[in-house]
Amino acid sequence: MTLVILSTAYDVFSRLNKKENPTQILKSFSLLTNVTNLFKLSENEANSISAIHGIRSLSIISIILVHTYWFRVSSPFTDEKTRNQFLETKVSSVVSAAAISVDSFFVLSGALITRSILKEL
C-alpha cells in the first residue's frame with residue numbers, strides 16, 4: 001500500500017511539474033496512471049474496455065480449472081481418505097474460494113452488456 005501511495009504521489013508531482021519522462025518503474029504502481037489506463041478506450045476498440053475482457057478471461061480460466069479439479073475430488077470413484085486429504089491442503093482453500101471468480105465473471109459481463117445497451121440508447 002505504501003508503494004502505491006508513494007508512486008501515485010510521484011506521478012502527480014511529475015505531472016504538475018511537467019517532467020517529461022518520469023521513471024517508469026515508479027509510475028507502474030501509480031493509482032492515477034493505472035486507473036487512467038484501465039478506463040481508456042483505444043481508437044479501434046471504442047465499444048469495449050480491454051482490461052475488463054482480460055479480467056473476465058482470467059475469471060473463466062479459474063472457473064474451468066476449479067471445476068475440473070473439484071470434479072476429480074468429489075467424484076463417486078474417489079475414496080473418503082483421498083477426499084479428506086484434499087480438504088486438509090491449501091489448494092482446497094483456493095477451490096473453496098472459486099465463488100469469487102464466478103461472481104466477478106458475472107458482474108463484469110453484466111457491466112459490459114449494460115454499457116453496450118446504454119451506448120445504443
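Let's start with a word we'll need throughout: a residue is called buried when its relative accessible area is under 20%, exposed when that value is over 50%, and partly exposed in between, using a 1.4 Å probe and protein chains only. By that rule, aspartate 11 is buried, with a relative accessible area of 2%. We'll come back to aspartate 11 shortly.

A quick note on what you're looking at: this is a predicted model, where local features need pLDDT of at least 70 and side-chain atom pairs count only at pLDDT 80 or more, while totals for chains, interfaces and linings use all residues. Numbering runs from 1 along each chain as its sequence is written, and side-chain values use heavy atoms, with hydrogens and water left out.

Now for the overall view. The protein has seven helices and zero strands, so termed because helices (H or I, at least four residues) and strands (E, at least two) are DSSP runs, numbered from the N terminus. Reading from the N terminus on, the elements go α-α-α-α-α-α-α. Of the 121 residues, 21% count as buried. The protein exposes about 9,400 Å², and carbon and sulfur atoms supply 67% of that; accessible areas here come from the Shrake-Rupley method with a 1.4 Å probe, and for residues only the protein chains shown count as cover. As for contacts (heavy atoms within 4.5 Å), take those with a separation of 6 or more: residues 24 or more positions apart account for 47% of them.

Back to aspartate 11, which sits in helix H1. What does aspartate 11 form a salt bridge with? The partner is arginine 15, and the closest N and O atoms are 3.3 Å apart. A salt bridge here is a side-chain nitrogen of Lys or Arg within 4 Å of a carboxyl oxygen of Asp or Glu, and a search of the whole structure finds one. Both residues lie in helix H1 (residues 2-16), four residues apart, which is about one turn of the helix. The two ends of the bridge have their own settings: arginine 15 is partly exposed, at 42% relative accessible area, whereas aspartate 11 is buried at 2%.

Aspartate 11 has other company too. Its side chain is joined to that of threonine 33 by a polar contact of 2.4 Å. (A polar contact is a pair of N or O atoms within 3.5 Å; within protein, one must be able to donate a hydrogen and the other to accept it, and residues adjacent in sequence count only if both atoms are side-chain atoms.) Not counting residues up to four places away in sequence, aspartate 11 touches Lys27, Ser30, Leu32 and Thr33. Of these, lysine 27 belongs to helix H2 and is partly exposed, with a relative accessible area of 23%.

Two more residues of helix H1 deserve a look. Serine 7 is found in that helix and is buried, at 2% relative accessible area. Leaving aside neighbours within four places in sequence, serine 7 is in contact with Leu26, Lys27, Phe29 and Ser30. Threonine 8 is in helix H1 as well, buried at 19%, and with the usual close neighbours in sequence (up to four places away) set aside, threonine 8 touches Phe29, Ser30, Leu31 and Leu32.

Next comes the outside. Leu3, Ile25, Leu26 and Phe29 make a nonpolar surface patch of about 350 Å². Patches are made of residues with over 30% relative accessible area and no salt bridge, with like charges joined within 9 Å and nonpolar side chains (Val, Leu, Ile, Met, Phe, Trp, Tyr) within 5 Å. Isoleucine 25 lies in helix H2 (residues 24-27) and is exposed, with a relative accessible area of 57%.

Finally, the inside. In soluble globular proteins, nonpolar side chains tend to be buried together. Here the largest nonpolar core has five residues: Val66, Val73, Phe86, Val95 and Ala98. Such a core is a set of buried Ala, Val, Leu, Ile, Met, Phe, Trp, Tyr and Cys residues joined through side-chain atoms within 4.5 Å. Beyond its neighbours within four places in sequence, valine 73 is in contact with Thr78, Arg83 and Phe86.
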